[in-house]
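Here are a few exercises to work through with the structure open beside you. Try each task before you read its solution.

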Amino acid sequence: MTMEFCVPCLFGLEGLVGDELRRLNMPDVRPENGRVRFSGEAAELARSNVSLRCGERVLVELGSFPAESFEALFEGTRALEWERFIPRHGAFPVKGHSLNSALHSVPDCQKIVKKAVAARLGEKYGLEWLPEDGDTYQIQFSVMKDVASLWLDTSGVGLHKRGYRPASVLAPLRETLAAAMVTLARYRDRDDFCDPFCGSGTIPIEAALAAKNRAPGLRRAFAAEKWTTLPPEIWQEARREAMDREFSGDYHIFASDIDPKAVALARQNAARAGVAELIEFSVADARQFDRPTERGVLVTNPPYGERLMEKRAAETLYREFGAALRGKENWKLYLLSSHTEFERTFGRAADKKRKLYNGMIKCDLYMYVKL
Ligand SMILES: C[S@@+](CC[C@H](N)C(=O)[O-])C[C@H]1O[C@@H](n2cnc3c(N)ncnc32)[C@H](O)[C@@H]1O
């Protein structure tokens, strides 16, 4: 049974997610604004969940149709084959959004979609009232320019949650964005890799996972693993296939932070991710960066200074970090910051820049291919 899938992603990462899907041999990959679509069977559903590094979740599409009125939304939704996925006892909460459409009230659309799916399933299962006491089949809808699209979320908790980082860390970087930075830096295991502002360790951990080609979803569960309407063996096969793709090498990954508590937390997170032995952690001041090795790549996310006073402190930090890096001509730098004065204070214009979003914060990835 061929299905249509959609992977929403952070703006700016569509191309990277598309490349990832192609490398995983997914058929018919189509990057769009803020998402990438592809098609495949149940096996691809499991493989994409287990292996994607930069995508946020995997949605399976039920259908798409024009919906300028509530009647059209109701009838269009009821016409879709929900029983292919949602069994008699399945719970099916609904969420979604609407943009540039006559149907602009999201709560009203939500109610209509819920009613229409209940009507369809009630009819198919011969039930007047659906118990919804089984596993969850999260419905997502969007109404864009009067066209409704309906999906089921196969991931559950977002794919950025790999399972190695507790919820409570301060100013963390989203794992999917850290993975994207590592990919953009083209890190390979031959060079030194260093994050001198490592915080909770997200960037070096994602670098270690990428270097080993370890699938980020090996150690977590996905909503669709509980779906009785999918063949259960797809998950084990996806994990086995991902483990077969792993390799081992000689890695030189260094991570440091000025805050000893951050370094301790980063160590714990790396252990949870199963990559502790690949990363050398230390407490160090990035303003005194002085790795003795000849060549390498720095991928990092220093403080941005969101408030005015902090902005000044961030500028001083960038200036001193820039001075510490002067003359390290065989090192490359990929640095993410939302600070508009970064290049001026760091002391050099970047060779390339790329706009990326860290949650709601608009940032630039400053790329220096030679320092
Ligand atoms: C935006 S956070 C990094 C978050 C990290 N990417 C993560 O995912 O948790 C910036 C980090 O820079 C550290 N820092 C600030 N000044 C520093 C300095 N002079 N040297 C090294 N680390 C510093 C802070 O302690 C903080 O952990």
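Before you start: helices (H or I, at least four residues) and strands (E, at least two) are DSSP runs, numbered from the N terminus, and two strands pair if DSSP finds at least two bridges between them. The model is predicted, so local features need pLDDT of at least 70 and side-chain atom pairs count only at pLDDT 80 or more, while totals for chains, interfaces and linings use all residues. Residues are numbered from 1 along each chain as its sequence is written, and side-chain values use heavy atoms, with hydrogens and water left out.

**Exercise 1.** Work out the strand order of the open sheet that holds β1 to β7, and find its edges.

*Solution.* Step one: read across the seven strands, and you get β2-β3-β1-β4-β7-β6-β5, with mixed pairing. Step two: look at the two ends. β2 (30-32) and β5 (94-99) each have a single partner strand, so one side of each has no neighbour in the sheet. Step three: check the twist, which averages 30 degrees from one strand to the next (axes are lines fitted to C-alpha atoms, for helices over the stretch in contact, and angles run from 0 to 180 degrees between N-to-C directions).

Step four: zoom in on one pair. β1 (residues 3-8) and β4 (residues 59-66) are antiparallel and share three bridges; Cys6 sits opposite Leu59 of β4. Step five: add the helices. α1 (residues 14-23) touches β1, β2 and β3 (35-40), at about 20 degrees to β3, and α2 (residues 42-51) lies across β1 and β3, at about 15 degrees to β1.

**Exercise 2.** Now do the same for the open sheet that contains β8 to β14.

*Solution.* Step one: the order of its seven strands is β10-β9-β8-β11-β12-β14-β13, again with mixed pairing. Step two: the edges are β10 (279-283) and β13 (352-358), each pairing on one side only. Step three: the average twist is 20 degrees from one strand to the next. Step four: β8 (residues 192-195) and β9 (residues 252-257) run parallel and are joined by four bridges, with Phe193 partnered by Ile253 in β9. Step five: helix α6 (residues 202-211) lies across β8, β9, β10 and β11, at about 155 degrees to β8.

**Exercise 3.** Which residues have the most contacts inside the largest nonpolar core?

*Solution.* Step one: pin down the term. A nonpolar core is a set of buried Ala, Val, Leu, Ile, Met, Phe, Trp, Tyr and Cys residues joined through side-chain atoms within 4.5 Å; buried means under 20% relative accessible area, exposed over 50%, partly exposed in between (1.4 Å probe, protein chains only). Step two: this core has 120 residues, and the residues with the most contacts inside it are Trp82, Ile86, Ile139, Leu152 and Ile279. Step three: take Ile139. Beyond its neighbours within four places in sequence, its contacts (heavy atoms within 4.5 Å) include Trp82, Ile86, Phe92 and Leu152.

**Exercise 4.** Find what lies around the ligand.

*Solution.* Step one: 21 residues surround the ligand (each with a heavy atom within 4 Å of it), and the closest are Ser200, Thr202, Asp257, Asp285 and Ala286. Step two: look for polar contacts, meaning pairs of N or O atoms within 3.5 Å; within protein, one must be able to donate a hydrogen and the other to accept it, and residues adjacent in sequence count only if both atoms are side-chain atoms. A backbone N or O atom of Leu173 is 3.1 Å from a ligand oxygen atom, and a side-chain N or O atom of Asn301 is 2.9 Å from a ligand nitrogen atom.
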